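Reader: I am new to reading structures, and I would like to understand how the words used for them are justified. May I ask about the terms in turn?

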Amino acid sequence: MPKVINKVEKWYLAYTKSNQEKLAKTHLENQDFRVFLPLILFEYPDPSKPDKLEVMFPSYIFICFDRKNDDWHSINSTKGISKLVTFGDSFAEVPKEFISFLIDNTDDTGAVKYKLFEKELSKGDEVIINKGLFLGRTGLLFSKDSTDRVKILMSIFNQEVIVDLEKSDISQNQKI
């Protein structure tokens, strides 16, 4: 994606079919449209978790075309596209400054990198165990000491039990 936006070009918004943004992008580019599909690369601090690449604006894609000179009528029948977004009789035009800002903040693949930082665990936080006998089980952080040990409150066979573990054996139980 070129990093320069022409002052006269116009960008429009298209609504895609569910989870078909990349398919729509490919088919629009095959028709020689200039398209922009911004992505976010979520980078985990834990190297055992793979980074996650997601569409920044799910179900939307930006398309640059000239309404007078380009054959834009094919856009609505392109694979992956539901329709061009309109407000009344007008296409939803996206300010070129916004597109320019997005492009300037993405890498060559169209992705913005977002580093995820795990917050310091506190007593009562729900954690998941990543190693050992209790792999995959969840519990509550009961206490931690100045070393690398933690105590986790878990329910085992309907009994509340405190388990002593290495701090590196647990992580926050969160989903993105």
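Reader: What makes D164 count as buried, partly exposed or exposed?

Author: This is a predicted model, and every value below is computed from it. D164 has a relative accessibility of 38%; since buried means under 20% and exposed means over 50%, D164 falls in between and therefore counts as partly exposed.

Reader: How do you know that R149 and D164 meet in a salt bridge?

Author: The distance from N to O between their side chains is 2.5 Å, and the limit for a salt bridge is 4 Å, so the pair qualifies. R149 lies in strand β13, residues 149-156, and D164 in strand β14, so the salt bridge ties together parts that are 15 residues apart in sequence. R149, at 26% relative accessibility, also counts as partly exposed.

Reader: Why is the pair of D164 and K151 called a salt bridge?

Author: Here the N to O distance is 3.4 Å, which is within the limit of 4 Å, so this pair is a salt bridge by that rule. K151 lies in strand β13 and D164 in strand β14, so parts that are 13 residues apart in sequence are tied together. K151 has a relative accessibility of 35% and counts as partly exposed. R149, K151, D164 and E166 are linked in a network of salt bridges.

Reader: What makes D169 and K131 a salt bridge?

Author: Their closest N and O atoms are 3.8 Å apart, and because the cut-off is 4 Å, the pair is accepted. D169 lies in the loop between β14 (159-166) and β15 (170-172), while K131 lies in the loop between β11 (126-129) and β12 (138-144), so the salt bridge joins parts that are 38 residues apart in sequence. As to burial, D169 is at 15% relative accessibility, and with the cut-off for buried set at under 20%, D169 therefore counts as buried. K131, with a relative accessible area of 46%, is partly exposed. The structure holds 8 salt bridges.

Reader: Why do β4 and β10 stand at the edges?

Author: The open sheet of 3 strands has the order β4-β3-β10, with mixed pairing. β4 (52-55) and β10 (111-115) each have a single partner strand, so one side of each is left without a neighbour in the sheet. Neighbouring strands of this sheet are turned by 25° against each other on average, direction ignored.

Reader: How do you know that β3 and β4 pair?

Author: There are 4 bridges between β3 (residues 39-43) and β4, in the antiparallel sense, and at least two bridges are needed, so the two strands count as paired. One of the bridge partners is K52 in β4, which faces F42.

Reader: Which residues have the most contacts inside the largest nonpolar core?

Author: That core has 18 residues, and those with the most contacts inside it are L28, I61, I63, F65, I75, I81 and L84. The elements giving two or more residues to this core are β1 (11-16), α1 (21-30), β5 (60-64) and β6 (81-84). Leaving aside neighbours within four places in sequence, I75 is in contact with L28, F33, I63, F65, I81 and L84. A second, separate core of 12 residues includes L121, M154, V163 and L165.

Reader: What radius of gyration does the protein chain have, set against a compact globule?

Author: A compact globule of 176 residues would have a radius of gyration near 16 Å, but the protein chain has 24 Å. The C-alpha atoms fill a box of roughly 70 × 30 × 30 Å, taken along the principal axes.

Methods: Residues are numbered from 1 along each chain as its sequence is written. This is a predicted model: local features need pLDDT of at least 70, side-chain atom pairs count only at pLDDT 80 or more; totals for chains, interfaces and linings use all residues. Side-chain values use heavy atoms; hydrogens and water are left out. Axes are lines fitted to C-alpha atoms, for helices over the stretch in contact, and angles run from 0 to 180 degrees between N-to-C directions. Buried means under 20% relative accessible area, exposed over 50%, partly exposed in between (1.4 Å probe, protein chains only). A nonpolar core is a set of buried Ala, Val, Leu, Ile, Met, Phe, Trp, Tyr and Cys residues joined through side-chain atoms within 4.5 Å. Contact means heavy atoms within 4.5 Å. The radius of gyration is taken over C-alpha atoms; the globule rule is 2.2 Å times the number of residues to the power 0.38.
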